[in-house]
Amino acid sequence: MSKKSLFALLISSALIMSMSGCGEGEQERTDIEILKQTTGLADYSAYVTLGQYTDLDIAVSAAADVKEQLQERMDRAVELYNNVYAESEPVVDRSVVLGDTVNMDFTTTVNGEAVSALSGAGVSYGVGSEQIEKSLDEQMVGLQPGQSYDLNCTFGDDTDFAELAGQDVTFHVTINYLYGDVNTLEWGDEVVTALTQGKYTDADKYEEYLYQQIQEEANQQRQQEYADALWEAVLTNCTFAELPADVIEQNAESYYANQKAIFEYYATYYSYTYEEYMEEKQGMTDEQFHEKSYEYAQTELERIYTATTIFRELGMEMTDEEFSKGVAELVEQYGYDSSAKFVETYGEEYVREVLVTNKVEDYLLEHNHMVTEE
């Protein structure tokens with residue numbers, strides 16, 4: 001094997017696929033760079049004794065209720081529209097009461113001088129929220145839409161504008177309107193048009209699209225469940241000698257470093273610390289994740305050694321054409337410009353073992369049985 005991590009490449013490939021929207025919008029590659037394999041496939045039979053790996057009954061969950069999931073997505077879409085897109089009727093025929101949300105323009109002066117940080121146009125303000133000053137909220141009760149007012153108050157010591165604490169401030173306020181009841185909608189063309197930004201304008205057609213999408217996702221999920229359970233059964237039926245500790249360590253550390261960088265990115269994105277993200281989103285500490293990286297590496301190395309041994313036992317072959325096509329697909333996932341450069345970077349043996357594992361998995365999926373649990 002190459003000194004680079006086979007485990008890291010497999011995991012990174014899966015991550016890239018999941019983060020790229022499962023290939024949506026991808027174009028089929030036609031300019032495949034033809035490569036010649038120059039080395040033989042490694043023999044790992046000393047590490048694994050194969051057990052039964054065909055004609056196994058593999059239990060998977062019952063098929064998802066697509067109609068139920070479709071209704072759930074439609075309900076969530078309506079909820080999203082009514083919370084984000086739905087507009088309220090502007091109210092202009094009554095005065096402000098405590099608890100109203102008003103739309104207003106305002107400027108602020110202190111001793112006759114404008115305070116630019118305290119001004120705005122078309123600002124939504126909840127009367128009674130005390131976002132600025134309690135006494136200001138009290139003065140807003142009874143104001144009329146369409147009218148302008150000068151409201152005087154003194155900023156307290158707890159104000160966010162420390163430089164204005166204790167000073168007399170005048171707010172020049174124009175009440176544009178009050179927010180009335182929100183015009184909520186049920187599922188229909190208007191909701192679909194808004195949520196898809198005009199890509200779909202017919203709710204029935206969009207519903208058909210959602211149904212097909214959910215069906216495809218359900219099929220992919222069951223297929224992945226089948227593949228995972230199948231590998232678990234195949235590995236359980238094998239007997240393994242002690243695997244190379246240095247390879248496991250290298251693979252585990254590569255995976256840990258790569259995945260940690262992704263977790264750190266998401267932690268920043270969601271305004272978490274790394275520790276908070278790991279605890280709240282991943283349900284484990286960094287130390288626990290580090291330990292699990294070695295468990296993952298052990299399992300993945302068992303899978304690679306088993307796949308390679310099955311490949312040899314069945315007399316399978318990897319033609320240069322298959323190898324070239326497989327490399328081209330990895331190149332697409334990684335964004336490389338050249339298949340040759342990709343193989344040079346990761347090593348021919350290393351890349352071929354990825355492709356051999358994929359080919360053996362296809363064979364296993366075909367020669368075992370998916371059994372639906374009742």
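Visitor: In the hairpin of E4 and E5, which residue takes a positive phi?

Guide: In this predicted model, strand E4 covers residues 101-110 and strand E5 covers residues 113-114. The two strands run antiparallel and are joined by two bridges, with Val110 standing opposite Glu113. Two residues lie between the strands of this hairpin, and the one that takes a positive phi, near 55°, is Asn111.

Visitor: Which strand is joined to E4 by eight bridges?

Guide: E4 pairs with strand E6 (residues 120-126) in the antiparallel sense over five bridges, and Val102 stands opposite Tyr125 there. Another antiparallel partner comprises residues 168-182, where Tyr177 is the bridge partner of Asn103. The strand joined to E4 by eight bridges is E8.

Visitor: How many of the 10 residues of E4 are buried?

Guide: A residue counts as buried when its relative accessible area is under 20%. By that criterion strand E4 is mostly covered, and its number of buried residues is seven.

Visitor: Is Arg352 buried or exposed?

Guide: Arg352 belongs to helix H11, which spans residues 348-366. Beyond its neighbours within four places in sequence, Arg352 is in contact with Gln37, Thr39, Gly40, Leu41 and Phe323. Because its relative accessible area is 3%, Arg352 is classed as buried.

Visitor: What radius of gyration does the protein have, set against a compact globule of 374 residues?

Guide: The C-alpha atoms fill a box of roughly 90 × 50 × 45 Å along the principal axes. A compact globule of 374 residues would have a radius of gyration near 21 Å. The protein itself has 31 Å.

Visitor: Of the contacts in the protein with a separation of 6 or more, what percentage comes from residues 24 or more positions apart?

Guide: The protein contains 11 helices and 10 strands. For contacts with a separation of 6 or more, the part owed to residues 24 or more positions apart is 75%.

Visitor: What share of the exposed area do carbon and sulfur atoms supply?

Guide: Of the 374 residues, 36% count as buried. The protein exposes about 21,700 Å², and the share supplied by carbon and sulfur atoms is 45%.

Visitor: How far apart do the centres of the positive and negative side chains lie?

Guide: The positive set has 21 side chains and the negative set has 74. The distance between the centres of these two sets is 9 Å.

Terms used:
Residues are numbered from 1 along each chain as its sequence is written. This is a predicted model: local features need pLDDT of at least 70, side-chain atom pairs count only at pLDDT 80 or more; totals for chains, interfaces and linings use all residues. Side-chain values use heavy atoms; hydrogens and water are left out. Helices (H or I, at least four residues) and strands (E, at least two) are DSSP runs, numbered from the N terminus. The radius of gyration is taken over C-alpha atoms; the globule rule is 2.2 Å times the number of residues to the power 0.38. Buried means under 20% relative accessible area, exposed over 50%, partly exposed in between (1.4 Å probe, protein chains only). Contact means heavy atoms within 4.5 Å. Accessible areas come from the Shrake-Rupley method with a 1.4 Å probe; for residues, only the protein chains shown count as cover. Lys and Arg count as positive and Asp and Glu as negative; His and the chain ends are not counted. The place of a charge is taken as NZ of Lys, CZ of Arg, CG of Asp or CD of Glu. Two strands pair if DSSP finds at least two bridges between them.
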